[in-house]
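Please open the model in a viewer and keep the selection tool at hand. The stops below proceed from one selection to the next.

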Amino acid sequence: MTHRGPDAPTVLVTGAADGIGLAMVQTLLARRAATRIYASTRKLARAAALQELARSDARVRLLECDLTQPSQLQSALACVAAAGSLDHVINTAGVLHDEQGMRPERRLADVDPQAMLRAFSTNAMAALLLAQAAEPLLRKSKRPLFASLSARVGSIGDNRLGGWYSYRASKAALNMLLKTLSIEWSRGAQPITCVALHPGTVRTGLSAPFVKGSGDARVFSPAESANCLLDVLDSLTPAHTGNFYAWDGQPVPW
Ligand SMILES: NC(=O)c1ccc[n+]([C@@H]2O[C@H](COP(=O)([O-])OP(=O)(O)OC[C@H]3O[C@@H](n4cnc5c(N)ncnc54)[C@H](OP(=O)(O)O)[C@@H]3O)[C@@H](O)[C@H]2O)c1
């Protein structure tokens, strides 16, 4: 799906200040797999590493945007449109726990409606609002791609352990939104490829409370995960639209 060098696509990466999103930006730059990267975060002032990348590499353009806010999305995508084209969107925004008390639930009694709404808002709705705002630009691309990071725990078919009601259900909702979107986007003269991705278990702020010390070889660094995910995206054709792939390219059951 992607080309390297001067033919490389323009890419929007969300959640780019940290974790897998930041590693995506760094890896795209190192691979020369993007001619321009629009990197978005909710708070640029907190995004020191991303600011440094933008200072050192002219391919990086920074955007400040809360993906749950349609007006902010419209402004961010208007900045992209004013600067040129957009070929790929890689959405890494997601939440498992937050400063307002969201925690993955162990049991039914732990479910908190406000935390659950925040999980659905960021993990599911935001991806669709992002797709809505990016659609006009993606429609103009010759190789449009929309990829959103989901999670294997959002697979209904793969749920053997239970728990984590809000995160699981919000990622399952994301999966349904992406599948539905892929059907709409497969119609028409210029189909847009749309996939869900599972990045593996990755050492980031999101996973930190649940991942033990650094010795576990099954836990990826953000760079390892980003490299694998970009290999998967490289291998996609429009025929792969509407699927859910893990970091190793294997399909994940919905
Ligand atoms: N780490 C894992 O083991 C793992 C496993 C399976 C799936 N995932 C998924 O992979 C994705 C990346 O996670 P990560 O591990 O890299 O975690 P992370 O470092 O916490 O990154 C998540 C990013 O989401 C952004 N975000 C949250 N709410 C947002 C909003 N309303 N608008 C815009 N951005 C928002 C945050 O960006 P700002 O605060 O800068 O705005 C944050 O940088 C998530 O979707 C996660 O569910 C991760």
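Helices (H or I, at least four residues) and strands (E, at least two) are DSSP runs, numbered from the N terminus. This is a predicted model, in which local features need pLDDT of at least 70, side-chain atom pairs count only at pLDDT 80 or more, and totals for chains, interfaces and linings use all residues. Residues are numbered from 1 along each chain as its sequence is written.

Select the strands first. An open sheet of 7 strands appears in the order β3-β2-β1-β4-β5-β6-β9, with parallel pairing; two strands pair if DSSP finds at least two bridges between them. Because β3 (60-64) and β9 (244-246) stand at the edges with a single partner strand each, one side of each has no neighbour in the sheet.

Next, select β1 (residues 10-14) and β4 (residues 88-91), which pair in the parallel sense over 4 bridges. Here V13 has I90 of β4 as its bridge partner. Beyond its neighbours within four places in sequence, V13 is in contact with residues including M24, V25, I37 and A39, where contact requires C-beta atoms, placed from the backbone, within 7 Å.

Then add helix α3 (residues 70-83). This helix lies across β1, β2 and β3 and runs at about 155° to β3; axes are lines fitted to C-alpha atoms, for helices over the stretch in contact, and angles run from 0 to 180 degrees between N-to-C directions.

Finally, select the ligand. Which elements each supply at least two residues of the shell around the ligand? They are α1 (19-30), α4 (113-139) and β7 (201-202). The largest share, 3 residues, comes from α1.

Methods: Contact = placed C-beta atoms within 7 Å.
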